[in-house]
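Welcome! Here is a short briefing to help you find your way around the structure shown next. Take a look at it, then follow the points below.

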Amino acid sequence: STMTLNSLFRSSIAARGFEYIILDRHFTILDFSPQAIAFADRPEDLAIGGDIRSGFPELIGAESSLLALLQTQGDRFQLEGINKHNGSDCASIYINLYVTGLQEESPSSDRLLVLLENTTEQMLVQQKLVQRVNESSLLETAWEASQAYLDKIINSMADALLVTGADGTIKKFNPAATDLFGYDELELTNAPISLLSSEFQRLPQPHDPIALSDNDVFQNIEVSCTTKSGREIIVAFSCSMMQTEFDDRPDLVYLGKDITKRVQAEIKLQQAFEKERELSEMKSRLVATI
């Protein structure tokens, strides 16, 4: 004979969003809720007297575990995230399936209660979240790769690179800068750029509206700098401004080349020209007096 759930139990199951199927120990269907048909592979697979495994082949191979539930109280068998394709409209849904021993009449029963939960919406949300995490991970990997590539370029540059905030604090630099000025990384990090020279004020500043509106790169501005050892050097700087997303005021990017030897050579050449001119003038005056 078939067995049905009492109306109170059936209402309680429905209120929690479950559909149900009742089986005997031979996995024959004794009763089911009307909407449980939507969970089977094909509607015709779910019928009184039919085998539950026809509509739910996921249970094939789990028979011994299901029969063990008839002798234990409180235990349950569960399968989560099952992807089902209903033959009526080929719609794809995700379900959770739970099986327990039905303990309505006695602690040891020969009836099994199958509860079915539609988790399609939750699974779709979870899939979207996983997709977003994966996309974010891919973007992060690409960003890290581009940063590593950019760092290689910066570190291989022969010219000294300095990046400061709008307040003149050094935020980034390359090995060429530490070599040129003689300071190590700890000494340059977050140090004021005035540590290297007081003449940086001659270069465009973030609060300068003309510099900001023109968005130009200022090139070959000669600045007298002092190394850590106290040696005076002349550095030709190119300066540009770089707007960031994290601050209303732009960062300043300095690219410097040591031109000390060139300037010294130019001074010596100019001195030689001056001396030659003075000698030429002296000769002219001597000739004029003879």
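One aromatic cluster is made up of Phe 200, Phe 237 and Tyr 254. Keep in mind as you read that this is a predicted model. The protein has 290 residues, of which 36% count as buried, and it contains 8 helices and 10 strands.

**Aromatic pairs**

- A search of the whole structure turns up 4 aromatic pairs.
- In one of them, the ring centres of Phe 18 and Tyr 98 lie 6.1 Å apart with the planes at 80 degrees, so this pair is edge-to-face.
- This pair links distant parts of the chain, since Phe 18 belongs to strand β1 (residues 18–24) and Tyr 98 to strand β4 (residues 92–101), 80 residues apart.
- Phe 18 and Tyr 98 are both buried.
- Phe 237 and Tyr 254, two members of the cluster named at the start, also form an edge-to-face pair, with 6.0 Å from centre to centre and 80 degrees between the planes.
- Here too the pair links distant parts of the chain: Phe 237 is in strand β9 and Tyr 254 in strand β10, 17 residues apart.
- Phe 237 is buried, and Tyr 254 is buried as well.

**The five-stranded sheet**

- Strands β9 and β10 also appear in an open sheet of 5 strands, which runs in the order β7-β6-β10-β9-β8 with antiparallel pairing.
- At the edges sit β7 (170–173) and β8 (218–226), each of which pairs on one side only.
- From one strand to the next, the twist averages 30 degrees.
- Helix α8 (residues 260–289) packs on this sheet and touches β8, β9 (232–242) and β10.
- The direction of helix α8 makes about 125 degrees with that of β9.
- Within the sheet, β6 (residues 160–164) pairs with β10 (residues 251–258) in the antiparallel sense over 5 bridges.
- Leu 161 has Leu 255 in β10 as its bridge partner.

**Two loop residues to look up**

- Thr 227 sits in the loop between β8 and β9.
- Is Thr 227 buried or exposed? Its relative accessible area is 6%, which is under the 20% limit, so Thr 227 counts as buried.
- The side chain of Thr 227 makes a polar contact of 3.0 Å with the side chain of Ser 229.
- Leaving aside residues up to four places away in sequence, Thr 227 touches Leu 180, Phe 181, Tyr 183 and Ile 233.
- Pro 34 lies in another part of the chain, in the loop between β2 (29–32) and α2 (52–55).
- Pro 34 has a relative accessibility of 64%, which is over the 50% limit, so this residue counts as exposed.
- Which distance separates Pro 34 from Glu 19 in space, C-alpha to C-alpha? The two are 8.0 Å apart, while in sequence they are 15 residues apart.

**The protein as a whole**

- The accessible surface of the protein comes to about 18,000 Å², and 54% of this belongs to carbon and sulfur atoms.
- Taking contacts between residues at least 6 apart in sequence, 45% join residues that are at least 24 apart.

How values were computed. Residues numbered from 1 in each chain as written. Predicted model: local features only at pLDDT ≥ 70, side-chain atom pairs only at ≥ 80, totals over all residues. Heavy atoms only, no water. Helix = DSSP H or I, 4+ residues; strand = E, 2+ residues; numbered from the N terminus. Buried < 20%, exposed > 50% of the residue type's maximum accessible area, 1.4 Å probe, protein only. Pairing = 2+ DSSP bridges. Axes fitted to C-alpha atoms, helices over the stretch in contact; angles between N-to-C directions. Contact = heavy atoms within 4.5 Å. Polar contact = N/O pair within 3.5 Å; in protein donor to acceptor, adjacent residues only side chain to side chain. Areas by Shrake-Rupley, 256 points an atom, 1.4 Å probe, with all protein chains shown as cover. Phe/Tyr/Trp six-rings, centres within 6.5 Å; stacked < 30°, edge-to-face > 60°.
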